[in-house]
Amino acid sequence: YVRFHLISPLIQQSAVNIVLFDTFVNILVHNLGEPAYEADVAQLEYKLVAGEHGLVIRVKGFNHKLPLLFQLIIDYLSDFSFTPAVFEMITEQLKKTYFNILIKPETLAKDVRLLILEHGRWSMIDKYQTLMNGLSIESLSAFVKAFKSQLFVEGLVQGNFTS
């Protein structure tokens, strides 16, 4: 079991940055779908999660091939690229996701409660309005470059691994 948390102070600076981060992680997951399929068949599991303060990479499975899967994820992260069609598809999916959160009373109530309790939190309404105002491909590219330049990493490795 390997878990790394790539933390960046850049994410929580604005609602735009949070939406750009969500877009970035979703495109990264989309890009990894095909190349990581063989790892999935070989019973290796991976998950990329857009956390509140950064990207969480979780990988688990048989230890002798796990570093290869982790390296694949890191390679796609470091050489991040996307097409305008993928960008449009992911932003449309995010609009639906944000809207579905807003129309459910229990998730909206949780969001409002956390907004009251946490200092510097951006509401789902802020994120949805930011996305509806539109994002540019250039802003995503600039955000990803800035995100990769301001990273702090925390990691946990459990299991049959050597140092």
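Two strands are taken to pair if DSSP finds at least two bridges between them. In this predicted model, strand 2 and strand 3 satisfy that criterion with 6 bridges in the antiparallel sense. Within this pairing, Leu-48 has Ile-57 of strand 3 as its bridge partner.

**The sheet and the helices on it**

The sheet is open and consists of 4 strands in the order 2-3-1-4, with antiparallel pairing. Strand 2 (45-50) and strand 4 (152-157) occupy the edges; each has a single partner strand, so one side of each lacks a neighbour in the sheet. On average, and with direction ignored, neighbouring strands are turned by 10° against each other.

Helix 1 and helix 3 both pack on this sheet. Their contacts and directions are set out below.

| Helix | Strands touched | Angle between directions |
|---|---|---|
| Helix 1 | strand 2 and strand 3 | about 160° with strand 2 |
| Helix 3 | strand 1, strand 2 and strand 3 | about 155° with strand 3 |

**The nonpolar core**

The largest nonpolar core comprises 41 residues, and Phe-24 and Leu-55 are those with the most contacts inside it. Two or more residues are contributed by each of strand 1, helix 1, strand 3, helix 3 (66-78), helix 4, helix 6 (124-133) and helix 7. Helix 1 supplies the largest share, 9 residues.

Apart from its neighbours within four places in sequence, Phe-24 is in contact with Leu-77, Phe-80, Leu-140, Val-144 and Phe-147. Among these partners, Leu-140, Val-144 and Phe-147 are buried residues of helix 7.

**Helix 7**

Helix 7 spans residues 137-149, which amounts to 13 residues. The distance from its first C-alpha to its last is 19 Å, close to the 18 Å expected at 1.5 Å a residue.

Which residues of helix 7 are buried? They are Leu-140, Phe-143, Val-144 and Phe-147. Viewed down the helix axis, the buried residues fall within an arc of 100°, so they line one face of helix 7. The general geometry of an α-helix is relevant here: there are 3.6 residues a turn, so residues three or four places apart point the same way.

The buried residues of helix 7 pack against strand 1 (2-7), helix 1 (15-32), strand 3 (54-60) and helix 4 (84-103). On the face turned away from the buried side, helix 7 carries the exposed residues Glu-138, Lys-145 and Ser-149. Helix 7 thus presents a buried face and, turned away from it, a face with exposed residues.

How values were computed
Residues are numbered from 1 along each chain as its sequence is written. This is a predicted model: local features need pLDDT of at least 70, side-chain atom pairs count only at pLDDT 80 or more; totals for chains, interfaces and linings use all residues. Side-chain values use heavy atoms; hydrogens and water are left out. The expected span of a helix is 1.5 Å times one less than its number of residues. Buried means under 20% relative accessible area, exposed over 50%, partly exposed in between (1.4 Å probe, protein chains only). The arc is that of the directions from the helix axis to the C-beta atoms. Contact means heavy atoms within 4.5 Å. A nonpolar core is a set of buried Ala, Val, Leu, Ile, Met, Phe, Trp, Tyr and Cys residues joined through side-chain atoms within 4.5 Å. Axes are lines fitted to C-alpha atoms, for helices over the stretch in contact, and angles run from 0 to 180 degrees between N-to-C directions.
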